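Ready to work through a protein with DNA beside it, one small exercise at a time? Have a look at the picture first, then try each task before you read its solution.

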Amino acid sequence: MSSAAESIDHDPRWRDSAWRSRLRRRLLQWFETNSRTLPWRQSRDPYRVWISEIMLQQTQVATVIPYFERFTESFPTVAELAAASEQEVLRHWEGLGYYRRARQMHAAAQKIVEEHDGEFPEQFADVLALPGIGRYTAGAILSISRDHRLPVVEANTLRLYSRLIGLRSPPTIAASQRVLWEFAESILPQRGSGHLNQAAMELGSLVCTPRSPTCDTCPLAAGCVAREMGLQESIPGKVKKIQYEDRREVAVVVCDQQRFLVRQCQPGERWAGLWDFPRCEVAGDADAMLVAADHLRDAFGQSIQPPQPLMRIKHGVTKYRIMLEVLSAKLAGEAQPISDPGTRWLTRTQIGKLPLSTTGRKIFKKL
DNA sequence: AAGTCGGGGAC
DNA sequence: GTCCCAGACTT
């Protein structure tokens with residue numbers, strides 16, 4: 001078809017419809033006996049499929065399961081999600097990461113109530129127009145819940161399909177993407193696309209794994225180009241290695257009587273919408289205690305007594321490897337009025353109910 | 001096309 | 001330790 005597709009380094013045998021029919025039949029047959037029982041497969045309610053797809057973005061199945069159960073229990077319908085507060089939604093998302101997903105899903109629920117009468121939209125363009133939903137997620141939701149004939153390319157199918165067609169070009173470049181989406185669409189049946197999409201993802205997840213794929217047990221091994229060429233370990237090409245950056249931060253638990261100073265992370269900041277203890281970066285080998293005291297005076301106008309070490313937490317946020325020094329300190333004198341919006345003096349009970357960053361929650365548990 | 005956004009599972 | 005995960009969105 002397109003000359004761009006021709007210039008990409010892959011085997012064109014998949015353009016033969018008999019080849020694709022064979023693949024389809026073997027894949028579906030394998031799925032019959034190998035599909036996992038997952039909570040979001042209990043029903044085809046588009047709302048529940050939607051929640052599962054958002055939670056599963058860049059997040060493993062085992063991690064999502066308990067979150068999905070709690071979330072759907074608390075917010076059984078679009079209307080109930082839309083009516084909830086963002087804080088309530090974030091509280092259910094706490095620990096899952098990529099919190100923008102939760103904020104956007106909440107906003108999308110309100111949009112569905114306003115513009116679609118509370119019914120999850122049926123048109124691809126309308127679904128794609130919801131915040132937090134891109135081409136993959138829109139295709140997944142509509143194919144699974146409404147049996148629309150829409151392809152999906154995500155981590156599992158990208159790997160599976162790249163190997164099947166022997167795609168040696170980097171999968172990230174535009175021409176590779178075009179071939180992958182075209183292939184994904186070409187193997188869909190007239191009916192049951194959602195089933196086939198899930199089967200492909202399941203095979204990619206359980207058999208066609210990133211390292212040491214178990215080709216011996218793969219129903220598609222016979223027609224797999226990568227397998228034929230012995231390239232199953234090197235296709236798809238490696239993603240660019242992340243350059244981690246070491247970083248020191250300090251957090252302070254400031255106590256005044258029975259209350260603690262906490263702050264809601266603002267839009268544009270890391271963990272926007274979540275609450276955390278006052279925290280800042282510690283440059284170079286500076287003294288964390290001095291940095292902490294300065295930060296509290298400059299940012300919040302509070303004077304503290306000499307801080308004591310409480311705990312150390314090592315954690316990562318995207319490219320940063322953070323060594324967090326957690327200190328505790330009593331207030332020196334009276335609590336001062338706080339100009340910084342989003343910062344409050346709250347009791348232990350009040351803090352416990354807030355959506356906290358994961359490190360914030362770990363600190364809270366030590367109080 | 002590259003950077004940002006989290007946290008944990010698996011090896 | 002490293003790699004990876006049912007991506008979307010911004011720059």
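Here come four exercises, each with a worked solution.

This is a predicted model, where local features need pLDDT of at least 70 and side-chain atom pairs count only at pLDDT 80 or more, while totals for chains, interfaces and linings use all residues. Residues are numbered from 1 along each chain as its sequence is written, chains are lettered from A and ligands numbered from 1 in the order in which they are written, and side-chain values use heavy atoms, with hydrogens and water left out.

**Exercise 1. Work out which residues of helix H7 are buried and what covers them.**

Step 1: Find the helix. H7 runs over residues 100-115, 16 residues in all; helices here are DSSP runs of H or I with at least four residues, strands are E runs of at least two, and both are numbered from the N terminus. From first C-alpha to last, H7 reaches 22 Å, close to the 22 Å expected at 1.5 Å a residue (the expected span is 1.5 Å times one less than the number of residues).

Step 2: Pick out the hidden side. Arg101, Ala102, Met105, His106, Ala108, Ala109 and Ile112 are buried in H7. Looking down the axis of H7, these buried residues fall within an arc of 160°, so they line one face of the helix (the arc is taken from the directions from the helix axis to the C-beta atoms). Buried means under 20% relative accessible area, exposed over 50%, and partly exposed in between, using a 1.4 Å probe and protein chains only.

Step 3: Flip it over. Arg100, Glu114 and Glu115 are exposed on the other side of H7.

Step 4: Name the cover. It includes helices H3 (46-56), H4 (61-74), H5 (78-83) and H6 (86-93); contact means heavy atoms within 4.5 Å.

**Exercise 2. Describe how the protein meets DNA strand C.**

Step 1: Count the neighbours. There are 27 residues around strand C, with Leu56, Arg100, Gly132, Thr137 and Arg159 coming nearest; a residue is near if one of its heavy atoms lies within 4 Å.

Step 2: Check which part of the DNA is involved. Sugar or phosphate makes up 68% of the strand C atoms within 4 Å of the protein, and bases make up the rest.

Step 3: List some polar contacts, meaning pairs of N or O atoms within 3.5 Å. A backbone N or O atom of Gly132 is 2.5 Å from a phosphate oxygen of strand C, and one of Gln58 is 3.0 Å from a phosphate oxygen. Asn156 places a polar side-chain atom 3.1 Å from a phosphate oxygen of strand C.

**Exercise 3. Do the job again for DNA strand B.**

Step 1: Strand B has 17 residues around it, and Thr59, Gln60, Tyr98, Tyr99 and Thr318 come nearest. Sugar and phosphate account for 58% of the strand B atoms within 4 Å of the protein.

Step 2: Look at the bases. A polar side-chain atom of Tyr98 sits 2.8 Å from a base oxygen of strand B, and one of Thr59 sits 3.1 Å from a base nitrogen.

**Exercise 4. Is Gly95 buried or partly exposed?**

Step 1: Gly95 is in the loop between H6 and H7.

Step 2: With a relative accessible area of 40%, Gly95 is partly exposed.

Step 3: Setting aside neighbours within four places in sequence, Gly95 is in contact with Tyr67 and Thr358.

Notes:
Polar contact = N/O pair within 3.5 Å; in protein donor to acceptor, adjacent residues only side chain to side chain.
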